[in-house]
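Subject: Handover of a protein model

Dear colleague,

Please find below the sequence and the coordinates that I am handing over to you. My notes on what was found follow directly after them.

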Amino acid sequence: MKKIKLSLVSYLNTFPFLYGIEKSGFINPEWIEIVLETPSQCAKSILSGSSDVGLLPIGAYLTTDQSKFEVITDYCLGAENEVKSVLLLSDIPLEKIKTICLDSQSRTSNLLVQVLAHEYWNLSAEFISSEEKVTNVEVAKLLIGDRALEKRNHFRYSYDLAKEWFDFTSLPFVFALWVAKKEIAGRIEDALNKSIKFSEDKISELLHYYNFPNVITFEEAYAYLTRDMSYSLTHKKKEAIERFSNLVVKNNLV
């Protein structure tokens, strides 16, 4: 039987998913291939069909043909408030920022920072790719994932986008959803749900098993996975996805 290819984001925040898939016993390792990728690579793999199941960033989910796949599991990558790993970093305060360097690894966070700038911060800034040269000092940089955890204390100002979104909407935020090709969704969903649930009370164990970023302490990593990240796909999170989708469309970001 051909192996099912599963794409996971290669950041600390997916360790609970990875550990459950590898260690719970609900998924036979002989019929699944796990690939660890950046969020943008995950999106490309899933949308191109090279992966059968995986974490699809919400930015890609909202801006592509959703008939190609099915949302599965009771879980997501989300945050109820502050997340600490999706940050706008700068040496100047928010109101003075004129240029924002977007993160090439995340369409979702790029969309989120633009929505916040237009709808909440009332900020007129130029958005450029991280590869472009910056010609002024009134600049901020968007960073996500483990790199954000590493660099968050290297700048005078740090704006947590999940917290800014919550302050704006009183809603949590969803960064990625579990999706699968329609023909395999029914075969994999129950096993994935059980695998992820298996890890819920094993955060300390999985942090000892995997190598988490050495720029944060064990206690910080534990707090990040148990307090800052929020994995259940609740009604409020579904409401947040709809609100975000509407604002993306309103601001012509698709």
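I begin with Asn193, which has a relative accessibility of 14% and therefore counts as buried, the cut-off being under 20%. Please bear in mind throughout that this is a predicted model.

Asn193 and its surroundings

Asn193 is placed in helix α7, which covers residues 182–198. What does Asn193 touch, once residues up to four places away in sequence are set aside? Its partners are Thr73, Asp74 and Tyr75. With Asp74 there is a specific atomic pairing: a polar atom of the Asn193 side chain lies 2.8 Å from the backbone nitrogen of Asp74. That distance falls within the 3.5 Å limit used for polar contacts.

Thr73, one of the residues touched by Asn193, belongs to strand β4 (residues 69–79). Thr73 has 7% relative accessibility, so it counts as buried. Its backbone deserves a remark as well, since Thr73 is not a glycine and yet has a positive phi of about 70°. For context, most residues other than glycine have a negative phi.

Asp190 is also found in helix α7. Is Asp190 buried, exposed or partly exposed? Its relative accessible area is 45%, so Asp190 is partly exposed. Asp190 and Thr73 are 117 residues apart in sequence, while their C-alpha atoms are 7.3 Å apart in space.

A second positive phi

Ser170 likewise is not a glycine and has a positive phi, here of about 60°. Ser170 sits in the loop between α6 (161–169) and β10 (173–181).

Asp52

Asp52 is located in the loop that runs between α2 (39–48) and β3 (53–57). Although it is a loop residue, Asp52 counts as buried, because its relative accessibility is 13% and the cut-off is under 20%. Which residues does Asp52 contact when neighbours within four places in sequence are left aside? They are Lys3, Ile4 and Lys5, together with Val179, Ala180, Lys181 and Ile184. In the case of Lys5, a polar atom of the Asp52 side chain lies 2.7 Å from the Lys5 backbone nitrogen.

Leu142 and Asn153

Leu142 is part of strand β8, residues 139–144. Its relative accessible area is 1%, so Leu142 is buried. Not counting residues up to four places away in sequence, Leu142 touches Leu87, Leu88, Cys101, Leu102, Asp103, Ser109, Asn110, Val113 and Leu161. Leu142 and Asp160 are separated by 18 residues in sequence and by 10.0 Å in space, C-alpha to C-alpha.

Asn153 may be set beside Leu142: the relative accessible area of Asn153 is 63%, so Asn153 is exposed. Its place is in the loop between α5 (145–151) and β9 (157–160). From Asn153 to Ile34 there are 119 residues in sequence and 33 Å in space, again from C-alpha to C-alpha.

Packing of helices α4 and α10

Two packed helices are described by the angle between their axes and the distance between the axes. For helix α4 (residues 107–121) and helix α10 (residues 235–250), the axes come within 10 Å and cross at roughly 70°. An angle of 65 to 115 degrees counts as roughly perpendicular, and α4 and α10 are therefore roughly perpendicular to each other. On the α4 side the contact is made by Thr108, Leu111, Leu112, Val115 and Glu119, and on the α10 side by Phe244, Leu247, Val248 and Lys250. Grouped by class, the contact of α4 with α10 has six nonpolar, one polar and two charged residues.

The protein as a whole

How many helices and strands does the protein have? There are ten helices and eleven strands. The radius of gyration is 18 Å, close to the 18 Å that the globule rule gives for 254 residues, so the protein is as compact as a globular protein of that length. Taken along the principal axes, the C-alpha atoms fill a box of roughly 55 × 40 × 35 Å. Of the 254 residues, 54% count as buried. Among contacts with a separation of 6 or more, 85% are accounted for by residues 24 or more positions apart. The pair Asp190 and Thr73, described above, has a sequence separation of 117 residues.

With kind regards

How values were computed:
Residues numbered from 1 in each chain as written. Predicted model: local features only at pLDDT ≥ 70, side-chain atom pairs only at ≥ 80, totals over all residues. Heavy atoms only, no water. Helix = DSSP H or I, 4+ residues; strand = E, 2+ residues; numbered from the N terminus. Buried < 20%, exposed > 50% of the residue type's maximum accessible area, 1.4 Å probe, protein only. Polar contact = N/O pair within 3.5 Å; in protein donor to acceptor, adjacent residues only side chain to side chain. Contact = heavy atoms within 4.5 Å. Axes fitted to C-alpha atoms, helices over the stretch in contact; angles between N-to-C directions. Parallel < 35°, antiparallel > 145°, perpendicular 65-115°, else oblique. Nonpolar A, V, L, I, M, F, W, Y, C, P; charged D, E, K, R; others polar. Rg over C-alpha atoms; globule rule 2.2 N^0.38 Å.
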